[in-house]
Amino acid sequence: MFQYIHDFIKKVFRDIFRKKKQWKIGLYGPPNAGKTTLANRICQDWLGEELGTVSPIAHETREIQLKEQVTIKSKDDNELTFSLVDTPGIATKVDYEDFMKSGLKTKEAKERAKEATKGVIESIKWLDEMDLVIVVLDATQDPYTQVNITIIGNLQARNIPVLVVANKVDLKKSDVKRIEAAFPQYDIVSISAKNGTNVDQLYEALFAIAG
């Protein structure tokens, strides 16, 4: 029964996309999961340029970043054109003291927290604009978090097609099976956005959803 429902949902999404000429694809996930690294990988692969700045300090991306007219090709030469939207990390709590632990001064930390909070709100607002969401999760972290469940719940409530990406598989602590167990209703693509590992599988997965 579960497989039947899973296949039915995929068919519905494919039918929706076949009617669209250009999609808007959003990268969503918690802070530091690798969304901007993946956005840069996609833009480098197909446009030869990067989209945003990457930092080990959480909430480096605090505003929506958009790259239009990204066209990817499948192995059998089909093309898919979309606008790529890199969103600020979703968090249920943003504390300026966490930024101070990363070395920021008090004033800078408070400003970053303010901008990060605004970014979270903007990310949620943009959900209604999305035709497809790639949920980027850090495969070294526990997937059973309030943030992840909130993101997935919002997407399900809006009937937005989802592709879950288990990122950072280049790290020894990565555990893709935990993510697969946490979200069995979705296909999981394991990648290293940093190294480009399996990113071709991500592209093929996008075509699979498009049909």
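**Figure 1. The order of elements along the chain.** From the N terminus, this predicted model runs α-β-α-β-β-α-α-β-α-β-α-β-α, giving seven helices and six strands. Both kinds of element are DSSP runs numbered from the N terminus: helices are H or I with at least four residues, and strands are E with at least two. Residue numbers start from 1 along each chain as its sequence is written, and side-chain values use heavy atoms, with hydrogens and water left out. Because the model is predicted, local features need pLDDT of at least 70 and side-chain atom pairs count only at pLDDT 80 or more, while totals for chains, interfaces and linings use all residues. Of the 211 residues in the chain, 45% are buried (under 20% relative accessible area with a 1.4 Å probe, protein chains only; exposed is over 50%, partly exposed in between).

**Figure 2. Helix α5 and its two sides.** Here you can follow α5 through residues 146-157: its 12 residues reach 16 Å from first C-alpha to last, close to the 16 Å expected at 1.5 Å a residue (the expected span is 1.5 Å times one less than the number of residues). Its buried residues are Val-147, Asn-148, Ile-151, Ile-152 and Leu-155. Seen down the helix axis, they fall within an arc of 125°, so they line one face of α5; the arc is that of the directions from the axis to the C-beta atoms. An α-helix has 3.6 residues a turn, so residues three or four places apart point the same way. On the other side of α5, Gln-146, Ile-149 and Ala-157 are exposed.

**Figure 3. What α5 packs against, and what follows.** The buried residues of α5 pack against β4 (132-138) and β5 (162-167), with contact meaning heavy atoms within 4.5 Å. After α5 comes Asn-159, with a positive phi near 55°.

**Figure 4. The largest nonpolar core.** This core has 30 residues, and Leu-38, Phe-82, Ile-134 and Leu-202 have the most contacts inside it. A nonpolar core is a set of buried Ala, Val, Leu, Ile, Met, Phe, Trp, Tyr and Cys residues joined through side-chain atoms within 4.5 Å. Elements giving two or more residues include β1 (23-28), α2 (35-47) and α7 (199-210); α7 gives the most, with eight residues.

**Figure 5. Phe-82 and a second core.** Leaving aside residues up to four places away in sequence, Phe-82 touches several residues, among them Trp-23, Ile-25, Ile-42, Lys-67 and Val-70. A second, separate core of 23 residues includes Val-133, Val-135, Val-164 and Phe-183.
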